[in-house]
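Biologist: Got a minute to walk me through this one? I'd like to ask about it piece by piece.

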Amino acid sequence: RKEYVDLYVDYMFNKSVQKPFQDFMQGFLRGCPARSWKVFLPEELQVLLQGHATFDWCLLEKNVIYVEYKKSDQTIRKFWTVFHKLPEEKKKMFLAFLSGSDRITGYELEHFGFRIKDPHVENPDESCPHANTCHLILYLPR
């Protein structure tokens, strides 16, 4: 029975997927040569491809660059007060709104930051915040 179970498990997890995996690996290596990936440990490669799953939101706040704002401005203080009260899932939704992804990919968490900029709209009360995902800029009306 043990031999049967061993052979069955080997077939299910190795032999039955061998051809599709080889096809995938060939395509993957065509776009991303193996010599480029060998410098990474498996954990580092996973973070590079999938991004960080956990965040230090206070560090994110610390890394923000303010354009036409000061950290002490009332709008900025209120923004961070509301942001830190949000549940984790909503904070990730904000990150997706800002960057297009709910994870921080390819960056070290210590160096990831974004800009908060005043969009200079005539009536800020009728304007919504919007983001430039390519440049990681949050346009936050006063």
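Modeller: Sure, what follows is a run of questions and answers on this predicted model.

Biologist: Let's begin with the fold. What pattern of helices and strands does the protein follow along the sequence?

Modeller: The protein has seven helices and four strands. Read in sequence order, they give α-α-α-α-α-β-α-α-β-β-β.

Biologist: And the overall dimensions: what radius of gyration does the protein have?

Modeller: Along its principal axes, the C-alpha trace spans about 75 × 35 × 25 Å. For a compact globule of 142 residues you'd look for a radius of gyration near 14 Å, but this protein comes in at 23 Å.

Biologist: How much of the protein counts as buried?

Modeller: The cut-off here is under 20% relative accessible area. Of the 142 residues, the share that falls in the buried class is 24%.

Biologist: What share of the contacts with a separation of 6 or more comes from residues 24 or more positions apart?

Modeller: Contact here means heavy atoms within 4.5 Å. Taking the contacts with a separation of 6 or more, the part owed to residues 24 or more positions apart is 60%.

Biologist: Now for empty space. Which helix gives the most to the lining of the largest cavity?

Modeller: Rolling a probe the size of a water molecule over the atoms shows where empty space is left. Searching the whole structure turns up one cavity of 30 Å³ or more, and the largest cavity holds about 60 Å³. With three residues in the lining, the top contributor is helix α5 (residues 57-62).

Biologist: Which residues line the largest cavity, and how many of them are charged?

Modeller: The lining is made up of F55, D56, W57, L59, L60, L95, I104, L109 and F112. Sorted by class, that's eight nonpolar and no polar residues, and the charged count is one.

Biologist: Over to D102. Which residues does D102 touch, leaving out those up to four places away in sequence?

Modeller: D102 sits in the loop between α7 (88-99) and β2, and counts as partly exposed because its relative accessible area is 35%. Its C-alpha is 9.2 Å from that of E89, 13 residues apart in sequence. As for touching, D102 is in contact with F55, K92, L95 and A96.

Biologist: I see L95 in that list. Where else does L95 turn up?

Modeller: L95 is among the residues touched by D102. The other place is the lining of the largest cavity.

Biologist: How far is M93 from R103 in space, C-alpha to C-alpha?

Modeller: M93 is in helix α7, and it counts as partly exposed because its relative accessibility is 46%. M93 and R103 are 10 residues apart in sequence, and their C-alpha separation is 9.7 Å.

Biologist: And P33 and F97: what separates their C-alpha atoms?

Modeller: P33 lies in the loop between α2 and α3 (34-37), where a relative accessible area of 28% makes it partly exposed. P33 and F97 are 64 residues apart along the chain, and the C-alpha separation is 32 Å.

Biologist: Let's look at S16. Which residue's backbone oxygen lies 2.9 Å from a polar atom of the S16 side chain?

Modeller: S16 is in the loop between α1 (2-13) and α2 (18-31). At 31% relative accessibility, S16 is partly exposed. The backbone oxygen at 2.9 Å from its side chain belongs to M12.

Biologist: Now the backbone angles. Is H120, with its positive phi, buried or exposed?

Modeller: Most residues other than glycine have a negative phi. H120 has a phi near 55°, and its place is the loop between β2 (115-117) and β3 (130-132). The cut-off for this class is over 50%, and H120 has 57% relative accessibility, so it counts as exposed.

Biologist: And L136: buried or exposed?

Modeller: L136 also isn't a glycine, and its phi is positive at about 55°. It sits in the loop between β3 and β4 (137-139). Its relative accessibility is 14%, so L136 counts as buried.

Key: Residues numbered from 1 in each chain as written. Predicted model: local features only at pLDDT ≥ 70, side-chain atom pairs only at ≥ 80, totals over all residues. Heavy atoms only, no water. 1 Å grid on protein atoms, 1.4 Å probe; cavity = no way out; pocket = protein on both sides within 12 Å on 5 of 7 lines; lining within 4 Å. Points joined across faces, edges and corners; volume = space filled by probe spheres on them. Helix = DSSP H or I, 4+ residues; strand = E, 2+ residues; numbered from the N terminus. Nonpolar A, V, L, I, M, F, W, Y, C, P; charged D, E, K, R; others polar. Buried < 20%, exposed > 50% of the residue type's maximum accessible area, 1.4 Å probe, protein only. Polar contact = N/O pair within 3.5 Å; in protein donor to acceptor, adjacent residues only side chain to side chain. Rg over C-alpha atoms; globule rule 2.2 N^0.38 Å.
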